[in-house]
Amino acid sequence: MADPDLAPGAIPSPNIWNHPQVYEVENRAVDRAGAITSLMQRLAPWEGRDLLDIGCGTGFHLPAFAARAGTVIGIEPHGDLAAIARRRIRRVPNATVVHGSAEALPLPDESVDVMHARWAYFFGPGCEPGLAELDRVMRPGSRGFVIDNDPSRSTFGQWFRLGYPQVDYVETAAFWADQGWERHGVDMAWTFDSREDLESVVRIEFAEAVAEEILAGHEGTSVDYAVNVWTRVW
Ligand SMILES: C[S@@+](CC[C@H](N)C(=O)[O-])C[C@H]1O[C@@H](n2cnc3c(N)ncnc32)[C@H](O)[C@@H]1O
């Protein structure tokens, strides 16, 4: 991809920035049973509501959100990915994609009912500017969701600990609890259509030596995968 035209605050996301097509394969493999969506719908049904997807990447989730929401806004700091997301929603009249970042949301005060941020490296210890922006744009009674890996359990969690030993997930959990967010553990899976797809995704998510070790020790086309859904009400 050419010059990505990054909005201030963008945290490098090499998987989707460098490999958007393989990341699409990854997104199609995530949670085919819909456990994350079911939890979100139970806690904050978004029929007719205004939904914000922060760090929307190529906009994979926007059409499904827009099928029920009143309006959907995707925010993405990587200009090329924002352009792909815009193309994806060109025939979705109630969805918009805006180039920007969590730290400076291009939105009016008290304009959002449901916030979704998935695989959001920009939300965690040190993300207070982004959280202050949420305090500004979320309506009273609105709900936010931050969805991230739970490295403490599941096969994917073991892989994550192997590949990213520097990630202090105990500190991350303490951070969210201190901020008043509540954790819901969700057991989902990666389910691929082929072994080739699984291998290509493992190779964009992990350094080469780790990816080869993972693939040598795991057969088949699916992986059990635990996530944390962090949530709070304003
Ligand atoms: C791993 S990708 C996930 C994309 C998307 N949520 C999905 O599930 O397909 C993380 C995304 O967060 C974006 N991002 C990075 N820093 C950000 C920031 N400060 N504010 C908002 N988004 C950010 C990246 O550009 C990337 O598109």
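In this predicted model, the ligand is surrounded by 24 residues, and the closest of them are I11, W17, N27, G55 and E76. Three of these residues also place a polar atom at a short listed distance from the ligand, and the contacts are described one by one here. W17 has a polar side-chain atom that lies 2.8 Å from an oxygen atom of the ligand, and the side chain of N27 likewise has an N or O atom 2.8 Å from an oxygen atom of the ligand. With G55 the partner is a polar atom of the backbone, which is 2.8 Å from a nitrogen atom of the ligand.

**Enclosed spaces**

Rolling a probe the size of a water molecule over the atoms shows where empty space is left. Two cavities of 30 Å³ or more are found in the structure, and the largest cavity holds about 390 Å³ of space. Its lining is made of 31 residues, of which G55, G57, E76, W119 and F122 are the closest to the centre of the largest cavity. G55 and E76 therefore appear in two lists, since they are among the residues closest to the ligand and among those closest to the centre of the largest cavity, where the cavity is computed over the protein atoms alone. Two or more residues of this lining come from each of α1, α2, β1 (50-54), β2 (71-76) and β4 (112-118), and α1 gives the largest share, with three residues.

The second largest cavity holds about 40 Å³ of space and is lined by V25, R28, A29, R32, T191, F192, D193 and D197. Here the largest share of the lining, three residues, is supplied by α2.

**Open pockets**

About 840 Å³ of space lies in the largest pocket, and 39 residues line the largest pocket, with Y121, D148, N149, F160 and V167 closest to its centre. At least two lining residues are supplied by each of α1 (14-18), α2 (20-29), β5 (138-149), α7 (155-163), α8 (169-178), α9 (195-205) and β7 (222-233). The largest share, six residues, belongs to α8.

The second largest pocket contains about 240 Å³ of space, and its lining consists of N27, V30, D31, G34, I36, T37, W46, F60, H61, A64, F65 and R118. The elements that contribute two or more residues to the lining of the second largest pocket are α3 (35-43) and α4 (62-66). N27, whose side chain has an N or O atom 2.8 Å from an oxygen atom of the ligand, is one of the residues in the lining of the second largest pocket.

The table sets out how the four linings divide by residue class.

| Space | Nonpolar | Polar | Charged |
|---|---|---|---|
| Largest pocket | 24 residues | seven residues | eight residues |
| Second largest pocket | six residues | four residues | two residues |
| Largest cavity | 16 residues | eleven residues | four residues |
| Second largest cavity | three residues | one residue | four residues |

**Single residues**

G144 is found in strand β5, and because its relative accessible area is 0%, G144 counts as buried. Leaving aside neighbours within four places in sequence, G144 is in contact with M115, M138, W181, W230, T231, R232 and W234. G144 and D53 are 91 residues apart in sequence, while their C-alpha atoms are 9.9 Å apart in space.

H218 has its place in the loop between α10 (208-216) and β7, and with a relative accessible area of 14%, H218 is buried because this value is under 20%. A polar atom of the H218 side chain lies 2.9 Å from the backbone oxygen of S222. Not counting residues up to four places away in sequence, H218 touches T155, W159, R195 and V223.

Two loop residues other than glycine have a positive phi. For D31, which lies in the loop between α2 and α3, phi is near 50 degrees, and D31 is buried, with a relative accessible area of 9%. D31 is also one of the residues that line the second largest pocket. For E110, placed in the loop between β3 (95-99) and β4, phi is near 45 degrees. E110 counts as partly exposed because its relative accessibility is 47%, whereas D31 is buried.

Note on methods. Residues numbered from 1 in each chain as written. Predicted model: local features only at pLDDT ≥ 70, side-chain atom pairs only at ≥ 80, totals over all residues. Heavy atoms only, no water. 1 Å grid on protein atoms, 1.4 Å probe; cavity = no way out; pocket = protein on both sides within 12 Å on 5 of 7 lines; lining within 4 Å. Points joined across faces, edges and corners; volume = space filled by probe spheres on them. Helix = DSSP H or I, 4+ residues; strand = E, 2+ residues; numbered from the N terminus. Nonpolar A, V, L, I, M, F, W, Y, C, P; charged D, E, K, R; others polar. Buried < 20%, exposed > 50% of the residue type's maximum accessible area, 1.4 Å probe, protein only. Polar contact = N/O pair within 3.5 Å; in protein donor to acceptor, adjacent residues only side chain to side chain. Contact = heavy atoms within 4.5 Å. Near = heavy atom within 4 Å.
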